[in-house]
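Here is a short report on charge pairing and burial in one protein chain. Look at the sequence and the model first, then read on.

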Amino acid sequence: MKDLKEIWKIGSLVKDQNNDGVPDASNVSIQLTEDVKAIGLIDFAARIGFETTAISFDFFNQENTCDWLISFEKSEEETACVVKPEGLLFVYKNEGELNRLLQYMAHHWPSDFPTSDPVIKLSYQSGEFSVFTGTEVFPLSVPKDTTAKKEYLHIQSLSDFWNGIGFLNVDEASPFNETNVSFEFLQPCSNELLQEACYLAARIGMMSTSLHFPLTDRKELSGITFQFDGEEEGIFFDPESQILQFKGNQAVGYFARATHFSEGGSYLSWEKEKVIQPVIDEEPMLHLTWEDQGEKERVLELCQLQASMWQEEDQLDIEIFLSEPKDVRQEVNQQLKSLFPKCRSVKVRSAFKPAYCWIEEDIVPLLKDEEIGKIVIECIEDSLPGLELPIRWIQELYPIDLLLERELNISAEDVEFTLVENSQSTYSFIAYNSSGEVLLEERLTVPVAEYEYVEKGKKVYPTTGQLKISRLGKTLFEEILMTDRERFYQYYQQEVLELLYSKIERKEEGQGFTMPLFDRIEVSVTMSEEEKKLDLDEERISSMEALHEDVYFNTLDFFMQKGEEEKGKGFTAPGGVHPYMRAVKHAKPFAEIIAYPWKPRVKEKWVTEQITFSQYGQPAFALVKEIHSGKTATIPITLPVQKKSVSNFHIREWYPSVSYRGKKLQVLEVTAEINEEFYSPLKLTAYKPTIFIEAGHHANEVSSTPAILQLITEFMSEKKEILQKVNLVVLPIANPDGLALHQRMAADNPEWKHHAARYNAVGLEHRNVLYQDTEFGEADVIPAIMKKWAPDVIIDDHGIPSHEWVQPFAGYNSPPRFPVSYWMPNALIYGIGRELQGEAGALHVENLQTIIKSVQNKLAGTDIEEKNKYWMKRYKKYGHQWLPEVFPLENHENLIFYTWKTEPSPASTSAVARYPEWVAADIISEAADETVYGEVLQDCIRGHQLFDLAIMETMIQHPQEIKHVVTEEKREVYRDRPIQLNEVE
């Protein structure tokens, strides 16, 4: 038997189609006859919408298949709602009493009364309400409305409605959407108009987590008034009175069904077309070329001069350091033997990673047939007053132990490094047999040059070229020879950067950040340099990749220094720095440098004030206004009125913004199956926890995007149970302009790290300008997601270098701007969590510890854990054991998880710091994925997936308690936040 007390529960007027415990559709068909004009039905429809998370406009469709039928019947005796086998029958004496009954049932029903028996009738007689159970009658009290008028969000235009985020635009994100609207009819309400108004009210109710009642007959207490008047079709909004006026039934129907263009509809699409980005002026502000003789030619010329002096000498030893590929150095070796026919030995060594190449080329062949017990490599401790670390000479050996393991049948663990303070040589290589006897001892002294770093007062000491001629241990001639890379880099640092800075005309501040000084500088360089993959993990020898990194990061540091000199604070994002490097054997050194000026874009913001309709009831013209200038325009509406967005899938696409270069930014909303036309993200997140995962933020970190897309595919098949308990929102490619740049760079050098492609088109870390009004649409997406979905947990999937990060002109280590070193990988995947400080952070700290434990357990016993163990051991050997502050570790068994202490702040770009009252955790994952492929890419993808799944599983251990609160003026639905995460059971 149907029970009137239960009508607002799942299975009655609303239903759960996908069995996830969340109401997601109406379950009613309303038979509305021509003689029923009760506007109280608008309140009832609003309640139907309020009780569900999704809805279609079909409950007036007589063919609608549902479990509950609502019908109306005129009565001379009473006004009541009666339970029938098929549903509800409203009998009424007059429309006034029917309105009152519908308003009461929309807001105050069910009431508290002392019976558990089914209620079969609710009666309204002489201003009093009573319920009937069949055997008993209970009078009901009517709460008095003591609502005091309050201020609500002031709406400025039609653009603030159905804006792609929700109903009514808001300034700051919140998990609550309190709606206060009223419906006022200045003309008799026709049957058709009433139906359209009910659909509008149902959709507004669905979008609200807090809804004021009644919606009818209460204009003086509403925030927005919907006014219905006249036959001439049109929609008009008056910001002064906050009245949205509809003229004609078609206008109401159009507005009720409007879907923003970012969600696949056409509403406000004319605003998008009105904002036309200006064409970028491609006239360069700087265009230079540079070419040089080449170090090979220079050293041969010098050798020819010296040969005239020493070629008759015997027992000569000639040692040269060149930054050239191995086979080019071998060619030089043969030429020197011809120039010095009586020489005892000729060694043409690499000037880039010289010790590694020395061991590989000279020492390994000497030990091929030996039984080796241990190898000790003594490295001088670097004490030069530069940016280099004390272990710099150990770093330049990396990964020599793996090479020796492969070539000499010795374990990498039996290759030891020691630091010595004073030595005549840079390296001593000592090989021992299993008895501890010395098999071989060799030494190498590496030449270095001294240069000023781009930041004044700092020096660097990169390895350099050299010609040294000696006889029986006595030096006859020695001269440092600048490599091609040195000569170019000095030209770039001393001339190009200074000239570029002098060309900059505009240096103005944005809202809390420095505007770009130039659009981009493209630095294209070709040289004859070593480019070799080592087949040891992902390692390679690539001096041109090192030059790429130096040009990129050192340019940033140059402008940071200039900003500090000029303004007391640095230019943090001067513009795009795009190095295009090519290693071509025997190529003559050549470079072309082109810089383009920064052209600030006027970010016009057009809003819609009116929509007028044709005589056929179709939207015809939109009156729009630019809010900064006040200029107006009338735009024909030529797109389809509305593209139906009903989907039988779990995924809906949303395009809340475009990048600086105009590429669409896609958001995927992944939920349990939604079969209705409209849905409410905020209402969904009121019923279920919601997780937001950002991928592809730094475009050279390549595994996060395929990881999350593959994970979504799994959710569609074997992991559907996850979506029964959690909503997933994904930004799969957060930086499409950076992705395009990375693809362009990877075309020449497919396996480089390409850090120059990590930021957006003009070199901006757009996370730094979140929640600010800028030209950079990439920064608008996360604030929009926070408004639309109010996620509980945020994960930002990132990456680190998969192989050595070398910058010879910045101290060899990774950039000095970083307080810790990223010179080598420390894990296949690790985590970072923001640990909220203060009293508000107690639960957040507990949540973070739960996440750490859950990720650790998820990885336990997998090949990912084994790879993490491997990299942790490597990281300790080469870095942490020597300089633990520079190479830090926060170990949780076999998982590295760093915690960042974070203070709450409403101005923060961190979600947990900005919204500590409702965000439960804010996490970063880091996989060793910077431009990787094949099996390594798959490992990183799987690492990200396990990491993300572990966190999602902590969110769904216990069902959320949904709270329904009724006050005299409104209804609310919510759950307590922030949620407490629980370890997987």
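Which residues are linked in a network of salt bridges? The members are D519, R520, E522, R661 and R744. The model is a predicted one.

**Overall picture**

The protein has 985 residues, and 62% of them are buried. Its fold is made up of 21 helices and 47 strands. The C-alpha trace spans about 130 × 65 × 45 Å along its principal axes. Some 37900 Å² is exposed, about 48% of it supplied by carbon and sulfur atoms. Among contacts with a separation of 6 or more, 74% join residues 24 or more positions apart.

Charge is plentiful in the sequence, with 98 positive and 160 negative charges. The mean positions of the two sets are 2 Å apart.

**Salt bridges**

How many salt bridges does the structure hold? The count is 61. Three pairs among them are set out here.

| Pair | Closest N to O distance | Separation in sequence |
|---|---|---|
| K688 and D20 | 2.7 Å | 668 residues |
| E529 and R485 | 3.3 Å | 44 residues |
| D737 and K663 | 3.6 Å | 74 residues |

Take K688 and D20 first. Their closest N and O atoms are 2.7 Å apart. The pair links distant parts of the chain. K688 sits in the loop between α13 (681-687) and β39 (690-694). D20 sits in the loop between β1 (14-15) and β2 (25-26). Is K688 buried or exposed? K688 counts as buried because its relative accessibility is 3%, under the 20% cut-off. D20 has a relative accessible area of 14%, so D20 is buried too. Setting aside neighbours within four places in sequence, D20 is in contact with A672, K688 and Q724.

Next come E529 and R485. The salt bridge between them has its closest N and O atoms 3.3 Å apart. This pair also links distant parts of the chain. E529 lies in the loop between β28 (518-527) and β29 (531-533). R485 belongs to helix α11, residues 484-503. Both E529 and R485 are buried.

The third pair is D737 and K663. Their side chains meet in a salt bridge at 3.6 Å, N to O. Again, distant parts of the chain are linked. D737 is in helix α16, residues 736-748. K663 is in the loop between β36 (651-658) and β37 (664-670). Why does D737 count as buried? Its relative accessible area is 4%, and buried means under 20%. K663 has a relative accessible area of 33%, so K663 is partly exposed.

**An aromatic residue in a loop**

Where is F113 placed? F113 is in the loop between α2 (95-107) and β8 (121-125). F113 counts as buried because its relative accessibility is 13%. Leaving aside neighbours within four places in sequence, F113 is in contact with K5, V119, V131, F138 and L140. F113 and P139 are 26 residues apart in sequence. In space, their C-alpha atoms are 8.5 Å apart.

**In brief**

The structure holds 61 salt bridges, including a network of D519, R520, E522, R661 and R744. K688 and D20 pair across 668 residues of sequence. K688 is buried, and so is D20. D737 is buried, whereas K663 is partly exposed.

Terms used: Residues are numbered from 1 along each chain as its sequence is written. This is a predicted model: local features need pLDDT of at least 70, side-chain atom pairs count only at pLDDT 80 or more; totals for chains, interfaces and linings use all residues. Side-chain values use heavy atoms; hydrogens and water are left out. A salt bridge is a side-chain nitrogen of Lys or Arg within 4 Å of a carboxyl oxygen of Asp or Glu. Helices (H or I, at least four residues) and strands (E, at least two) are DSSP runs, numbered from the N terminus. Buried means under 20% relative accessible area, exposed over 50%, partly exposed in between (1.4 Å probe, protein chains only). Contact means heavy atoms within 4.5 Å. Accessible areas come from the Shrake-Rupley method with a 1.4 Å probe; for residues, only the protein chains shown count as cover. Lys and Arg count as positive and Asp and Glu as negative; His and the chain ends are not counted. The place of a charge is taken as NZ of Lys, CZ of Arg, CG of Asp or CD of Glu.
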